Amino acid sequence: MSSAILKHEILKDSWHFNYLAKFLQPAFSLFFRQMTKQQVQAEIAYAYIFLFAQEYHLTDNKNISDMLFYCQTHELHAAKVTNQWFRLFYQEFSVTISAQNYGLLYANLVHKHRKALTFRGAGVLSDIDISASIFIPPEMERRIEYIVEQLTKENKILRKNQAFLLDNYRFLISQYIEQERKPVSICVLSVFGEECLEVIKRRAFQELDMDVTVTGTITPQTDLVIKDREYEHVAFDKEKILYWENISSKKSIFRVQYFINEHFGYGEK
């Protein structure tokens, strides 16, 4: 392995890597007797980047199978924790996952659990906040927190890194519970008729990460009513009615989007 790898961005000021390198240096020097100290350091750096620094969320990541094989043959207990996770996952979420997505989710979880299990003496794991832009309804948050609570109760070694696990569970679950996302039927009532309906579809609904059906009439399937004023003979759940200005503002657009995400997003039953 070229010593150029030691300049990798992920190694800069990484005390996790420095800790691991100091621990592994004697063993690597014993196995690689012909290498210089810097070459040995490069080998350790490669192992660190491959096992601990890469992310495995994408389906075209070619290292997933190698990582799984490594975990299963080195008794890192990641598979055991992952199996416990799936038991809790199916208990908390009503979801059917395809074989392909199950395999990918399993691989991602083994990767995260192996990280959390291995970094027991080198501080708290940190990661890119991949979940910052994901809207998670309170109901879903509670169920994910419950999964973390149960896993850390059974595997005390994970407690130090439970914040790391929570962030990654939020991200992964949001990617793999497509089956819980239901199309939302919205009725738009306006004195401007179809013209206003098209405006709202374009400005408020295009950025939503869910299927939205917009109509101009209330039906038994209607989930939400948006209207610009009071109309006679409109019988609908008052908690599922929003009012929209004739000339919509950014604030009202955000309010509509937030309401839809909060009431019809991930995790709602």
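Start by selecting Arg 170 in this predicted model: Arg 170 is buried, with a relative accessible area of 13%. Then add Glu 141, whose side chain meets that of Arg 170 in a salt bridge at 3.0 Å, N to O. Arg 170 belongs to helix α7 and Glu 141 to helix α6, so this pair ties together parts 29 residues apart in sequence. Glu 141 also counts as buried, at 19% relative accessibility, because the cut-off is under 20%.

Next, colour the whole of α6. This helix has 17 residues and reaches 25 Å from its first C-alpha to its last, close to the 24 Å expected. Its buried residues include Met 140, Arg 143, Ile 144, Ile 147 and Leu 151.

Move to Glu 154 and select Arg 87 with it. Their side chains meet in a salt bridge, 3.2 Å from N to O. Glu 154 lies in α6 and Arg 87 in α4, so the pair ties together parts that are 67 residues apart in sequence. Glu 154 is partly exposed at 43% relative accessibility, and Arg 87 is partly exposed at 44%.

Now follow α4. Its 15 residues should span 21 Å at 1.5 Å a residue, and its end C-alpha atoms are 21 Å apart, which agrees. Among its buried residues are Val 81, Trp 85, Phe 86, Leu 88 and Phe 89.

Keep Trp 85 and Phe 89 selected and add Phe 93, Ile 147, Leu 151, Tyr 169 and Ile 173. These seven touch the most other members of the largest nonpolar core, which has 27 residues. The elements giving two or more residues to this core are α4 (78–92), α5 (99–118), α6 (138–154) and α7 (162–176). For a second, separate core of 18 residues, select Leu 208, Met 210, Ile 226 and Phe 264, which are among its members.

Go back to the aromatic rings. Trp 85, Phe 86, Phe 89, Tyr 90, Phe 93, Tyr 102, Tyr 106 and Tyr 169 form one aromatic cluster. The whole structure holds eleven aromatic pairs.

Then select Lys 227 and Glu 230. They form a salt bridge, with the closest N and O atoms 3.6 Å apart. Lys 227 is buried, with a relative accessible area of 2%, whereas Glu 230 is exposed at 59%. The salt bridges come to three.

Finish at Phe 32, in the loop between α1 (15–31) and α2 (37–53). Phe 32 is partly exposed, with a relative accessible area of 31%. Together with Leu 30 and Phe 31, Phe 32 makes a nonpolar surface patch of about 340 Å².

Conventions:
Residues numbered from 1 in each chain as written. Predicted model: local features only at pLDDT ≥ 70, side-chain atom pairs only at ≥ 80, totals over all residues. Heavy atoms only, no water. Patch = residues over 30% accessible without salt bridge, like charges linked within 9 Å, V, L, I, M, F, W, Y side chains within 5 Å. Areas by Shrake-Rupley, 256 points an atom, 1.4 Å probe, with all protein chains shown as cover. Salt bridge = Lys/Arg side-chain N within 4 Å of Asp/Glu carboxyl O. Helix = DSSP H or I, 4+ residues; strand = E, 2+ residues; numbered from the N terminus. Buried < 20%, exposed > 50% of the residue type's maximum accessible area, 1.4 Å probe, protein only. Core = buried A, V, L, I, M, F, W, Y, C linked by side-chain atoms within 4.5 Å. Phe/Tyr/Trp six-rings, centres within 6.5 Å; stacked < 30°, edge-to-face > 60°. Expected span 1.5 Å × (residues − 1).
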